[in-house]
Amino acid sequence: MGTDDAADFTRRLKAQAFGLGFDLVGITTLGTPATRARFDTWLEAGHQGEMGYLAGEGAELRRDTRRPHAGATHAIVLATQYGGRAPSGPVARYARGDDYHELLRERTRALHHWLEAELGHPVNARPYVDSGPVLERDLAQRAGLGWFGKNTMLINPTAGSFFFLSSLFFALGSEVALVVDDPFAADRCGSCTRCLDACPTQAFTGPRVLDATQCISYLTIELRGAIPEALRERIGGLLYGCDVCQEVCPWNGKFSKPVTELAFASRKSLEGKDARSMALWLLSLSRSEYSTAFKGSPMKRAKLRGLKRNAAVVLGNVGSAQDVPSLISALSDEEPLVRGHAAWALGRIATSAALPAIETALLSETDSAVRAELSAGAESISVRSSPSESK
Ligand code: SF4
Ligand code: SF4
């Protein structure tokens, strides 16, 4: 295959990807990620927290993109915008619509089928959509799609960073050649530090180093247990994920796009709800109401107990005396995690009307962590109740 043929085939492959709905497309070879050493240092520091799949065997596979899929030589890396222009809210933008995994996997598979049809034989290939052992941002930088911002996101100079990354790994035979893209070499953050300064929990230990254990996205989505008390207040009104370090980025201010993919548009059930009303709604959900409301939603990753835990934290931050009855109901939730965080929230709202309910809950509560939260909540109310209220 000559150079012209390779260029033509590459152009048609990319055109096919754009035609399928991908917004950015790059092609690269596989090999050792440029950020491999940084990744190892990050793991050694324990910044991955409970995301154990990133360490051990998962780390071994991530240290070389030739490892996850045997025989693969190239990857086509694909970015899909999810609506960075949408207003801020209690749920991160990426999670407001339908789960992106299956939609993007289908599109990536369609690209695979196109490759096979063009070449006239089966092609050894595998799609990855934010789920395989691949350092996807590294791969995207290698495929020319952007640079690593100081907020650790991949930033594209014409699209910002509010996009999903997916890729198709494939084995290219000798009968066909592709023109691979040059890695994106520039760092266009310059002297800007807006993302580092704006992070509510100061989760960056430095530029491009995120301690996930301090990040609101991790705390509200990945963390299965209790949110460390020292971080709860800083979560403010964020119920699921956090976009702050992307929102403040000037590249998003200038280049992020409105949502065009219907599947990623906000669900009706989330629309028009501020942090408080959404928290109250979440706390009120039965299991079957939750299953109906969140069918096909990425928010199911936190499970109902995680969403209710987050809702209690948000009410503790932005709620008022009006929300005390909902939090008192949550003291009898089947999940200790929810009961404990509801007790904390009652302690924060600190109205003496909650004291009898906390004392009653203490009589029957058997979970030691919840008992500790209840006692701390009661003490907080005693200390913080205003003299005027107790009259
Ligand atoms: Fe900080 Fe939010 Fe960015 Fe996490 S997502 S690093 S909490 S600004
Ligand atoms: Fe880079 Fe500034 Fe954007 Fe942070 S906010 S990623 S420093 S350009």
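Here is a short chat about a predicted model and the reasons behind some of the words used for it.

Me: Why is T65 called buried?

Reply: Buried means a relative accessible area under 20%. T65 has 6%, so T65 counts as buried. You'll find T65 in the loop between helix 3 (57–62) and strand 2 (74–81).

Me: What makes the link between T65 and G31 a polar contact?

Reply: The cut-off is a pair of N or O atoms within 3.5 Å. Here the backbone nitrogen of G31 lies 2.8 Å from a polar atom of the T65 side chain, so the pair passes. Leaving out residues up to four places away in sequence, T65 touches L30, G31, V134, L139 and F169.

Me: And N310, how do you know that one is buried or exposed?

Reply: Same kind of check. N310 has a relative accessible area of 1%, and the limit for buried is under 20%, so N310 is buried. N310 sits in helix 13 (residues 303–318).

Me: What makes the pairing of N310 with L239 a polar contact?

Reply: The N310 side chain reaches the backbone oxygen of L239 at 3.0 Å, and the limit is 3.5 Å, so the pair counts. Not counting residues up to four places away in sequence, N310 touches L219, T220, I227 and L239.

Me: Why is F264 called buried?

Reply: F264 has 4% relative accessibility, and buried means under 20%, so the word applies. F264 is in the loop between helix 10 and helix 11 (275–284). Beyond residues up to four places away in sequence, the residues F264 touches include T80, Y82, D98, Y100, L103 and F164. A345 is another matter: F264 and A345 are 81 residues apart along the chain, and their C-alpha atoms are separated by 32 Å.

Me: How do you know that the buried residues of helix 16 line one face?

Reply: Start with who they are: L355, A357, I358, A361 and L362 are the buried residues of helix 16 (residues 355–364). Looking down the helix axis, they fall within an arc of 160°, so they line one face. The general rule helps: an α-helix has 3.6 residues a turn, so residues three or four places apart point the same way. On the other side of helix 16, T360, L363 and S364 are exposed.

Me: What covers the buried residues of helix 16?

Reply: The cover includes helix 14 (324–330), helix 15 (336–349) and helix 17 (368–384).

Me: What makes C199 part of the shell around ligand 1?

Reply: A residue gets in if one of its heavy atoms lies within 4 Å of the molecule. C199 is on that list, along with others including P200, T201, F204, C215, C242 and C245. Helix 7 (216–222) and helix 9 (244–247) each give two or more residues to this shell.

Me: How many charged residues are in the shell around ligand 1?

Reply: There are no charged residues there; the shell has 9 nonpolar and 2 polar residues.

Me: What about the shell around ligand 2?

Reply: That shell divides into 7 nonpolar, 2 polar and 2 charged residues. Lys and Arg count as charged, so K150 and R194 go in that class. Helix 6 (194–198) and helix 10 (250–255) each supply at least two residues of the shell.

Me: Which domains does the protein chain have?

Reply: The domain assignment gives domain 1 (3–170) and domain 2 (267–385). The contact takes 9 residues from domain 1 and 11 residues from domain 2. Their C-alpha centres lie 37 Å apart.

Note on methods:
Residues numbered from 1 in each chain as written. Chains lettered and ligands numbered in written order. Predicted model: local features only at pLDDT ≥ 70, side-chain atom pairs only at ≥ 80, totals over all residues. Heavy atoms only, no water. Helix = DSSP H or I, 4+ residues; strand = E, 2+ residues; numbered from the N terminus. Buried < 20%, exposed > 50% of the residue type's maximum accessible area, 1.4 Å probe, protein only. Arc of directions from axis to C-beta. Contact = heavy atoms within 4.5 Å. Polar contact = N/O pair within 3.5 Å; in protein donor to acceptor, adjacent residues only side chain to side chain. Domains from an automatic or database assignment.
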